[in-house]
Amino acid sequence: MSVATDTGVKARIHPSPNHGQRAQGAPIDMVVVHYTGMETAEEALQRLCDPRAEVSAHYFVNEDGSILQCVPESRRAWHSGRSFWKGESDINSRSIGVEIVNPGHEFGYRAFPDAQIEAVISLLRDVCQRHGIHPWMVLAHSDIAPDRKEDPGELFPWDRLAEAGIGLWVPPFPLGAGVLMQEGDVGQPVEAVQSMLALYGYEIDINGKFDERTRQVVTAFQRHFRQEKVDGVVDESTIETLNTLLRKLPTLAT
């Protein structure tokens, strides 16, 4: 039986002990989307509620669309780990974490069922409206931790969320032949791409060297915004998609 939760969407309370106080004065201005990345939903939920694991999330969305709330929104859930976005490194204090059941790349990554995505849309719409979360602050775990994480991955339908008014997304520029830059390259064009990625929010050194970190960030960007080909290489499709996305930011649109 469902009981009252923080969200207006139908959900059940399934409490996790793994949470703490948010940093004083930190606004809730981000949503971070994860996949569970374990073989079964039961294993994942058990881990999120195991005090020895020291991980948790505010919400847990099953493949059938049912939603559990594990941590009150007023509390700091432990879902992001070492992460960064737009100058902030204590992402847990500023975010709502949503775990979506999917075995992930390690255990047979698969498409997310329609019922699950519809539930995610309803939940995120409610969360974003209540907290006034901007579209460009609805993030993948891989966006905030590109050196460590792949979730929710290239099969997650960010376009469907955007059609429902959630998150910032643009149709990716079509794939074409040719590589503009890749790991090992150096020079001003690399610095320009690094600057663009940093402007959007990613943690990246602007040093003109297409190093491992740059490849990781490009890969994370593609996994979210250019899902057809995720290879960490900057081609015309990648750079034009990034350009279009940046023009959607209010600071640049003006």
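Leaving aside its neighbours within four places in sequence, which residues is Ser56 in contact with? I would like to start from that one residue and then widen the view, and please keep in mind throughout that this is a predicted model.

Ser56 sits in the loop between H1 and E4, and, with its neighbours within four places in sequence left out, Ser56 is in contact with Ser16, Asn18, Leu48, Val71, Ala77, Trp78 and His79. Its relative accessibility is 1%, so Ser56 counts as buried, the cut-off for that word being under 20%. One of the residues in that list, Asn18, also has a polar link to it, since the side chain of Ser56 reaches the backbone oxygen of Asn18 at 2.5 Å.

Let me move to the helix on one side of that loop, which is H1, made of residues 41–48. Here Ala41, Ala44, Leu45 and Leu48 are buried, and when you look down the axis of H1 these buried residues fall within an arc of 95°, so they line one face of the helix. Glu42 and Gln46, by contrast, are exposed, and they are found on the other side of H1. What do the buried residues of H1 pack against? They pack against three strands, namely E4 (59–61), E5 (67–69) and E7 (95–100).

Those strands belong to a sheet, so let us turn to that. Six strands make up an open sheet, and if you walk across it the order is E1-E5-E4-E7-E3-E8, with mixed pairing. The edge strands are E1 (12–13) and E8 (138–140), each of which pairs on one side only. H1 packs on this sheet, touching E4, E5 and E7, and the direction of H1 makes about 175° with that of E4. A second helix, H3, with residues 114–131, lies across E3, E4, E5, E7 and E8, and H3 runs at about 155° to E4.

Now let us follow the pairing from strand to strand. E4 and E7 run parallel and are joined by three bridges, and Tyr59 stands opposite Val98 in E7. On to the next pair: E3 and E7 are also paired in the parallel sense, over six bridges, and in E7 the bridge partner of Met30 is Ser95, while that of Val31 is Ile96. E3 is then joined to E8 by three bridges, again with the two strands running parallel, and there Val33 stands opposite Ala140 in E8.

How many of the six residues of E7 are buried? Six of the six are, so E7 is largely enclosed by the rest of the structure. In a regular strand the side chains alternate between the two faces of the sheet. You can see this pattern in E7, where Ser95, Gly97 and Glu99 point one way and Ile96, Val98 and Ile100 the other way, and all are buried. E3, which spans residues 30–35, is mostly covered as well, with six of its six residues buried. Both faces of E3 are covered, with Met30, Val32 and His34 on one side and Val31, Val33 and Tyr35 on the other.

For the last part, I would like to look at two further helices. H7, residues 212–225, has 14 residues and reaches 20 Å from its first C-alpha to its last, which is close to the 20 Å expected at 1.5 Å a residue. Twelve of the 14 residues of H7 are buried, so this helix is largely enclosed by the rest of the structure. Among them are Val218, Phe221 and Gln222, together with charged-looking names such as Arg213 and Arg223. The elements that cover the buried residues of H7 include E8, H4 (141–144), H5 (158–163), H6 (188–200) and H8.

H8 consists of residues 236–247, and Thr238 is found in this helix. Is Thr238 buried or exposed? With a relative accessible area of 4%, Thr238 is buried. Not counting residues up to four places away in sequence, Thr238 touches Val218, Phe221, Gln222, Arg226 and Val233. With one of these, Arg226, there is also a polar contact, which joins the two side chains at 3.4 Å.

Definitions and conventions. Residues are numbered from 1 along each chain as its sequence is written. This is a predicted model: local features need pLDDT of at least 70, side-chain atom pairs count only at pLDDT 80 or more; totals for chains, interfaces and linings use all residues. Side-chain values use heavy atoms; hydrogens and water are left out. Buried means under 20% relative accessible area, exposed over 50%, partly exposed in between (1.4 Å probe, protein chains only). Helices (H or I, at least four residues) and strands (E, at least two) are DSSP runs, numbered from the N terminus. The arc is that of the directions from the helix axis to the C-beta atoms. Contact means heavy atoms within 4.5 Å. Two strands pair if DSSP finds at least two bridges between them. Axes are lines fitted to C-alpha atoms, for helices over the stretch in contact, and angles run from 0 to 180 degrees between N-to-C directions. A polar contact is a pair of N or O atoms within 3.5 Å; within protein, one must be able to donate a hydrogen and the other to accept it, and residues adjacent in sequence count only if both atoms are side-chain atoms. The expected span of a helix is 1.5 Å times one less than its number of residues.
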